[in-house]
Every structure is written in structure tokens, then in C-alpha cells.
Amino acid sequence: MPELPEVETVRDGLARHTTGATVTDVEVLRASSVRRHLPGPADFAARLRGRTLGAAVRRGKFLWLLLDDDEALTAHLGMSGQLLVHHAADAPEHRHLRVRLNLAVPGAPDRVLDFVDQRTFGHLALAELVPTADGGPGGRGSDLPALPPAVAHIARDLLDPYLDRDAVVAAVRWRRSELKRALLDQTLVSGIGNIYADEALWRARLDGARPTDRLRPVQVRTVLGAAEEVMRAALRAGGTSFDAMYVDVNGSSGWFERELAVYGRDGLPCLRCGASVVRRPFMNRSSYSCPRCQPRPRSVRRLQSAAAFL
DNA sequence: CATGACGCCTGTCAGC
DNA sequence: TGCTGACAGGCGTCAT
């Protein structure tokens, strides 16, 4: 599934293969894939035709292509979304193709930009960029001073040079919640999904159920640093699988299989201490952790022994 | 306001 | 074999 490193790989591919291209035609094959574009699929297509695609920008797992007139084509890949660039002449008809943009590229053969999405959690939309308090993607005074409204509430991510880490540490400790919930909250720091949260917690030797307001600042800083390390490693691995004309978010699946330390390793030995990795239900999904390296907080242990007693 | 639960959606796989 | 249910999971919306 596309997480921040995969989205960044896609952004980079789009920057190199669609910047300067003109949209000659738009085909919306599944209306719900543009459900966030409230005026509807016909309006989406009509307003996109004839436009020229500009810079590719990302924040967390949102990405958008700048258009003229302070507008942008926004994209979220959801769980299974892909943005694929092909030569128009030999573009495959993917089974889960949802939206196709036909592109004219100056001095090059025509291309298509395909939005492919099996589980349809992803979406495209057109949005007017709005000024934001934090100065937008490039910080205050930059030439990218605005965000799509759908991204305005999303915090900067761990690959963003303008991220204020001290502020994130303070915000996490200010929370009255559990550490993993805070890591997944995109309004505190963006881009961390279920997989990277578990990997970061394992590296930091912290259990996700730790109460945020009882963590030391250095513990929060450590887990954030771990999340950044894992994502940078995934980005390096995913970035190498890039073909000149083919943007594939599945390029890093090999990295997942080889490098994940705890996620999905239910019952297998912890790579650090050998104890059996455990899986627990968490927010309608799963958390994986090492019960020895990542001891549960006292409060949770009390509840567990009480439950066992009953 | 802050926090948490839930629904959205499709395909795969284990179990019967 | 064919069916059923669990699971994957980010994010917007609604409830507490």
C-alpha cells in the first residue's frame, strides 16, 4: 500500500514525466474516484481539459500537480491507488483504471496519466489553492505559498525541511491519548501509517499504548527519528526501481518483504531479542510489537492482570 | 474543543 | 467446490 515513501516516489516520477504536459482529454471511468470534486465528474473533466500540468507537490500522503490560476489537481492514493505514466501508443488497459488523462508533451510522443485504484479509497479532485498560516509547502515567503483546502489541516511530514520537531514533541506530549494513536494522527505529524508506526515504535523500544502525556521528550523525539529513518530507507529502496516512463507505487514491495522488523511478523522471533512478536487488534486493524523489547505501560498491565483474574 | 468509533471499498484467503 | 467472514487500512464524518 502506498505510504509516504511510495507517494514521494510517485511525486518524483510525475515531476519528471508530466511537468509541462498539456491535458488534451480526460476520461472518468468511475465517478466515485472524483467524489471529492463536488461539482462532479463532467465538471472535473471539462475544467481539466486544456490545462498545463506544473510542479508536483506532496505533503504527507497527499500530492498535487499545480495548474495555472492558483488551482491544482489533487490526488490521494488511498490504499491501492497508483498514478502511472505510459506512452499513449502502447498504454495498457488496466483492469482497475479509474481516470485517464491524455497528455500532449512538447517535443515528445503523447502520453497518458492513468489513475488506477483497485479498492477505490483513493481520489482525484480539482481545487483552488488557499493561503495557510504556516506558509505552505515551501515555508513563509516561498513560491509555493498555498495548499489545497483538503490538505490545509494536514501537518508537515518527517521529510519536510520546515517541520518543527520541537513543536511536534510538545503537541504529542500535550495529547491525552496513546503514543501510536498520536503517531497516526495526521494533524500532529503527517505521513506515518500503520506499518511505519509499528516499525518506528519497535526501533524506539516503545509500546504504542504508552500514554502520550507521560512520555519524556527524548522518547518522543526518538520515535519520530525512527519513523524518519525507516521512511528514508524505504524511499532509497523504492527510488531505485524507477523506469524512465513507468511510475509504479509497487516498486518498493521488495523492500517491505526484506526490511520490516515487526510488521506482519506475528509469532516470528524479534530480530533484536528473539522473543515472539505479538499481534494485537488496534483500531479495526493490527499492531505488531515485541513484548520484551517494548514492554506495555503499567496502566495497561494492570488492566490485563485484572482481566486475567476475572 | 479534544478524542474515539465507524463507514467507505474491493480482493484475497482461511475455514467450513 | 462454493460460500462466508475476517482482514487489509487512510481519512472524513459523526458521536461522545
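User: Is helix 5 largely enclosed by the rest of the structure or largely open, and why?

Analyst: Keep in mind that this is a predicted model. In helix 5, Tyr-196, Asp-198 and Trp-202 are among the buried residues. The count for helix 5 is eight buried residues out of ten, so the helix is largely enclosed.

User: Which residue follows helix 5 with a positive phi?

Analyst: Helix 5 covers residues 194-203. Just after helix 5 comes a residue whose phi is positive, near 60°, and that residue is Arg-205.

User: Which elements give two or more residues to the surface near DNA strand C?

Analyst: DNA strand C has 17 residues around it, and the closest include Lys-61, Asn-194 and Ser-286. By class, that surface has six nonpolar, eight polar and three charged residues. The elements giving two or more residues are helix 5 and strand 12 (285-289).

User: What about DNA strand B: how many charged residues are on the surface near it?

Analyst: The residues around DNA strand B include Arg-119, Arg-175, Arg-176 and Arg-181, along with others such as Ser-32 and Phe-121. Two residues of this surface are nonpolar and four are polar, and the number of charged ones is four.

User: Where is confidence lowest in chain A?

Analyst: Chain A has an average pLDDT of 87, with 87% of the residues scoring at least 70. Over residues 239-254, though, the pLDDT is below 50. Where pLDDT is low, the predicted coordinates should not be read in detail. Strand 1 (residues 22-28) has the highest confidence, at 96, while the lowest, at a mean of 58, belongs to helix 7 (residues 253-259).

User: How many residues of chain A count as buried, as a percentage?

Analyst: Chain A is built with eight helices and twelve strands. Of its contacts between residues at least 6 apart in sequence, 64% join residues at least 24 apart. As for burial among the 310 residues, the share is 41%.

User: Which strands are at the edges of the open sheet with the order 2-3-4-8?

Analyst: That open sheet has four strands, and the pairing is antiparallel. An edge strand pairs on one side only, and this holds for strand 2 (56-59) and strand 8 (123-128).

User: What is the bridge partner of Glu-71 in strand 8?

Analyst: Strand 4 (residues 71-76) and strand 8 run antiparallel, joined by six bridges. Within strand 8, the residue bridged to Glu-71 is Glu-128.

User: At about what angle does helix 1 run to strand 2?

Analyst: Helix 1 (residues 4-17) lies across strand 2 and strand 3 (62-66). The angle between helix 1 and strand 2 is about 165°.

User: Which residue in strand 7 stands opposite Val-85?

Analyst: Strand 5 (residues 81-87) is mostly covered, with five of its seven residues buried. Strand 5 pairs with strand 7 (residues 111-117) in the antiparallel sense, over seven bridges. Opposite Val-85, in strand 7, stands Leu-113.

User: Does Pro-149 count as buried or partly exposed, and why?

Analyst: Pro-149 is in the loop between strand 10 (146-147) and helix 3 (165-174). Leaving out residues up to four places away in sequence, Pro-149 touches Ala-127 and Val-130. A buried residue needs 20 or more C-beta neighbours within 10 Å. Pro-149 has 14 C-beta neighbours inside 10 Å, so it counts as partly exposed.

Definitions and conventions: Residues numbered from 1 in each chain as written. Chains lettered and ligands numbered in written order. Predicted model: local features only at pLDDT ≥ 70, side-chain atom pairs only at ≥ 80, totals over all residues. pLDDT = per-residue confidence, 0-100. Contact = placed C-beta atoms within 7 Å. Near = placed C-beta within 6 Å. Nonpolar A, V, L, I, M, F, W, Y, C, P; charged D, E, K, R; others polar. Buried ≥ 20, exposed ≤ 12 C-beta atoms within 10 Å, placed from the backbone. Pairing = 2+ DSSP bridges. Axes fitted to C-alpha atoms, helices over the stretch in contact; angles between N-to-C directions.
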